[in-house]
Every structure is written in structure tokens, then in C-alpha cells.
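Work through the exercises below with the sequence and the model in view, and try each task before reading its solution.

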Amino acid sequence: MKNSGERAVGLVSRPVLLVFVAALCLQIAWQAGQPRPTARAEALGAPASPAVIRALSLGEPIALAQLLTLYLQAFDNQPGVSIPFLDLDYSRVTAWLGTILELDPVGQYPLMMASQLYGQVPDEAKQRLMCSFVHDQFWRDPDRRWRWLAHCAIMAKHRLRDARLALDYAEAIARGARRASSWARQMRIFIHEDLGEIEAARVLLGGLLASGEVTEEKEIHFLTERLKSLETAGKSSPPTRK
């Protein structure tokens with residue numbers, strides 16, 4: 001049974017229908033003319049101080065460190081927008097990574113993110129900032145964190161084309177990380193050689209062999225042959241003018 005309050009369309013006067021159609025067309029046109037809603041990237045904020053965050057951890061700093069790591073790692077993917085790592089504020093990124101390491105000093109993942117994730121952007125200043133961060137953090141626990149500084153040394157040499165910076169990092173590993181792998185502790189010798197500092201490379205390599213630190217027969221043979229080639233190169237090179 002039809003509602004008595006309803007009227008058939010045919011009973012509506014023509015002017016009213018024209019007004020209704022015109023209003024509908026205007027509504028459609030107005031909606032079509034509006035810009036599409038766009039997602040805006042939210043800027044990465046600064047983390048709270050480690051003391052405040054530690055208080056908020058309720059005695060579970062490692063669990064909170066893992067949550068903060070997930071938050072930072074997922075920050076580049078916000079609803080409706082993807083933020084390139086290059087566009088992030090790297091001073092804020094290092095602040096977050098440092099805070100996470102304060103909560104979980106044994107954790108390695110923040111240093112991996114710094115050297116192999118954020119450090120791979122095509123921006124020399126940001127690459128250097130990440131390497132500087134890794135270098136600073138290295139000294140807080142050299143025997144655990146040497147591999148990330150070694151990665152930065154390789155990046156400095158081959159990507160930044162800064163052999164002096166690579167040598168600084170390699171020297172830090174040799175001086176500070178007694179438990180580092182032999183290849184990492186020997187890097188400085190070969191960087192000296194690449195820089196043309198044959199005498200420095202020869203002295204370091206000779207001292208390494210004499211120390212008895214290297215015990216594998218194949219490695220000793222390789223380093224001995226390398227020392228011989230350095231000695232030959234040193235004899236054939238002209239004396240340095242002072």
C-alpha cells in the first residue's frame with residue numbers, strides 16, 4: 001500500500017523539476033571540480049629523552065626498543081603516501097637510532113639500519129652523517145659494533161671516494177676492536193697501500209706478521225707475499241722529498 005504522503009513524479013510541476021535537475025547538475029559539477037584528497041607526509045618528530053622513554057618502558061626497555069624500531073622502520077610508509085628515505089630529516093633519524101640503542105645497547109639492528117639502509121641514499125652529506133653516527137656508537141662497544149664501522153669504511157672508500165675517512169674508520173677498528181675479524185683489522189694496511197703510503201703499509205704488515213696474531217697458514221702465506229711485494233715497491237719507488 002503506497003504512503004499517502006508520496007507523490008508521483010508526473011504530478012510534480014515542470015518548474016520544480018527543472019530546479020531540481022539544475023541543482024543536481026551543479027552538485028555534480030562542484031564535486032567534479034574539487035581536487036582529489038591527497039595524503040600528506042607527516043614529518044618525523046623528535047623522540048622523547050631516553051630517561052623519559054625508559055620510564056615509560058615499565059621495566060621492559062628491550063621490548064620498547066623493538067617497538068620503536070618498528071615505528072621508525074615503518075615511518076616511510078604512511079597511509080596513502082610513501083616517503084623516500086632521502087626526504088627524511090636525518091638529524092631526527094639519528095636521534096631515534098641513538099635512543100633505541102640507549103634502551104637496548106646490545107642490539108645491532110639500529111646500526112645496521114644506519115649503515116645499510118639510511119646510509120645508502122644518494123646524498124653524500126646524509127651518507128657521511130650516518131657513518132659519523134656509526135663511528136660514534138662504535139666506541140661505546142667496539143667488539144660488538146666493529147662490523148658496521150667496517151661497512152662504513154668500505155662505503156667511504158668506494159662510494160664517497162674518501163680514502164682518508166676510510167682509513168680513520170679502519171684505524172679505529174684496529175685500535176679498538178680486539179675481537180674483530182682479521183680482514184677488518186687489516187683493512188688499514190691496504191688503504192695505506194692504496195694511498196701510496198707504501199712504507200706505512202709495510203711497517204704495519206711486518207708488525208702484524210711478527211706479532212703472531214695471524215695463525216692460519218694460508219693467511220700467513222698471503223700476507224708474507226704481500227709484504228714482499230710492498231718491499232719491492234718500496235725499493236723501486238723514488239725517495240720522498242721533505
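**Exercise 1: Val 93 and its core**

Find the residues that Val 93 touches, leaving out those up to four places away in sequence.

Solution. With contact taken as heavy atoms within 4.5 Å, Val 93 touches Leu 44, Leu 72, Leu 88, Tyr 118 and Met 130. The model is predicted, so that local features need pLDDT of at least 70 and side-chain atom pairs count only at pLDDT 80 or more, while totals for chains, interfaces and linings use all residues. Residues are numbered from 1 along each chain as its sequence is written, and side-chain values use heavy atoms, with hydrogens and water left out.

Next, place Val 93 in the largest nonpolar core (a set of buried Ala, Val, Leu, Ile, Met, Phe, Trp, Tyr and Cys residues joined through side-chain atoms within 4.5 Å, where buried means under 20% relative accessible area with a 1.4 Å probe, protein chains only). This core has 47 residues, and Val 93 is one of those that touch the most other members, together with Leu 72, Leu 97, Tyr 118, Val 134, Trp 146 and Ile 173.

**Exercise 2: α4 and α6**

How are the axes of helix α4 and helix α6 arranged?

Solution. Helices are DSSP runs (H or I, at least four residues), numbered from the N terminus, and axes are lines fitted to C-alpha atoms over the stretch in contact, with angles from 0 to 180 degrees between N-to-C directions. The axes of α4 (residues 90-103) and α6 (residues 124-138) come within 11 Å and cross at roughly 20°. Angles under 35 degrees count as roughly parallel, and α4 and α6 are therefore roughly parallel to each other.

Terms used. Helices (H or I, at least four residues) and strands (E, at least two) are DSSP runs, numbered from the N terminus. Angles under 35 degrees count as roughly parallel, over 145 as roughly antiparallel, 65 to 115 as roughly perpendicular and the rest as oblique. Buried means under 20% relative accessible area, exposed over 50%, partly exposed in between (1.4 Å probe, protein chains only).
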